[in-house]
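I opened this notebook to record what I looked up in the structure. The entries follow the order in which I consulted it.

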Amino acid sequence: MLEDEALLVRRVAWRESSWVVHLFTRAHGRIALVAKGARRLKSPLRGHLEPLHRLHIRWRPGRIGMGVLAAAERHEALLPEARWPEGLAITAAAAMLFPEGTEEGFAALEAALFTCAKAQAPSAYVAGLWTLCSKAGIAAAADACWRCGARHDLVLAEHGLACTRCGTGPSWPEAASRALAGQTAEAKAVELALALLASIFAAQNLRLPKLGG
Amino acid sequence: MIPGSPKALARAVEAFATLPGIGPKSALRLALAILERGEEGARALAQAITGLVEEVRFCRRCGGFSEGELCAICTNPHRDAALVCVVEQPVDVLVMERAQAFSGTYHVLHGRLDPLGGVDASKLRLAELDARVARGVRELILATSATVDGEATAHFLARRYAPSGVRITRLARGVPEGGELEYLDEFTLRRALSERVAWTSDETAAS
């Protein structure tokens, strides 16, 4: 039997009353486990398998296939309830960026949710996502175009953000940088930062999860 | 299937076994019970099932179960149309109505935000709710589930409709009627404590 601290990142209904849960664990990387009977009304696992909360789990690793979750205990939430829509979208992004077999998911998601909790309200989502991208190693320097290195104004192009010098890569206006750092309430800055993040995700062939789902 | 059993019986067992909570053994029991009832009983059951899918649809306004364009609640002149209770599923309307304590109307989202499962706001019935709020709603009661997804959906809706000036409330959570503290889970207890209400003295209440 193994045990670890974990964060739930995905939950898929399996058979009639079970879940297959994907978890980022602190010491065992990303794992997928069968939570047998967890969808039953009286299951001891039912109220515990929730995202955005620190979980303590015990499981039996599978000899060939998936392991089986034996116990889960939900501890404190990693961010206030008012930030849960942002937190869920950040968790969905983390599930894409850190596939099975990766080790860093737990620390990255924990840091991203912490950033989201501390950031100013309108930029909480982009700030959390930015931390996640940084931890995943796909974020570029925040003060210049990540292709040609030029520092100048951002241009919104059809495909996302475009650098006015090289025409392809995104550049980084100061306003967007402030939003990525969670330090602005300015709607335009948040919009620019979101476009920038969408470009970064698109470069990885991923779709940025929408806020509110 | 048991070897040598008639094809029609095998088909019926297979069909029943696709329903939730019905395994192959229960499916066989159901099929045999129908055989025992005879042709008339089977026909009545078949008619009830066909009627279910042919006659039950969703209300154009609230999204709840309905037999016509609009449901019985939306067309009832005694219901307060400016008081709207937002729920996740049509069955939640039936559950709320069982309490016989609500005289407003409903709005069914047909889901809740679940980014981890790929459900975003575009998959919820929000355009219809936008239109209702624009036409004039006094209060929105957010009756989504007490889960992280349900809570996130409630926050999302509150943010969306707060600028329109509508009063937004949330279903209270805490100790259930007849519930003993000993059997309560720690989450419910914590919530009950943090959202405790001021005691109204008997005399104040009576006056």
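The entries below concern a predicted model.

**Entry 1: the nonpolar cores.** I began with the largest nonpolar core, which has 45 residues. I asked which members touch the most others, and found A:Ile90, A:Leu109, A:Leu129, A:Leu132 and A:Leu197. I then looked up the elements that each supply at least two residues of this core. In chain A they are strand 1 (2-14), helix 1 (84-97), helix 2 (105-118), helix 3 (124-136), helix 4 (174-180) and helix 5 (187-203), and helix 5 of chain B joins them. Domain 1 (2-77) and domain 2 (81-203) of chain A each give at least three residues to this core. Apart from it I noted another core, of 17 residues, which includes B:Ala121, B:Leu126, B:Val133 and B:Leu140.

**Entry 2: A:Leu197.** I set aside neighbours within four places in sequence and listed the contacts of A:Leu197: A:Val126, A:Leu129, A:Trp130, A:Cys133, A:Leu180 and A:Leu208.

**Entry 3: strands in chain B.** I found strand 5 (residues 139-142) of chain B running parallel to strand 6 (residues 167-170) of chain B, with four bridges joining them. In this pairing B:Leu140 stands opposite B:Ile168. With helix 5 (residues 148-161) of chain B, the two strands form a right-handed β-α-β unit.

**Entry 4: A:Ser17.** I located A:Ser17 in the loop between strand 1 and strand 2 (18-25) of chain A. Is A:Ser17 buried or exposed? A:Ser17 counts as buried because its relative accessibility is 16%, and buried means under 20%. Not counting residues up to four places away in sequence, A:Ser17 touches A:Gly37, A:Ala38, A:Arg39 and A:Arg40.

How values were computed:
Residues numbered from 1 in each chain as written. Chains lettered and ligands numbered in written order. Predicted model: local features only at pLDDT ≥ 70, side-chain atom pairs only at ≥ 80, totals over all residues. Heavy atoms only, no water. Pairing = 2+ DSSP bridges. Right-handed = clockwise from strand over helix to strand, strands pointing away. Core = buried A, V, L, I, M, F, W, Y, C linked by side-chain atoms within 4.5 Å. Buried < 20%, exposed > 50% of the residue type's maximum accessible area, 1.4 Å probe, protein only. Domains from an automatic or database assignment. Contact = heavy atoms within 4.5 Å.
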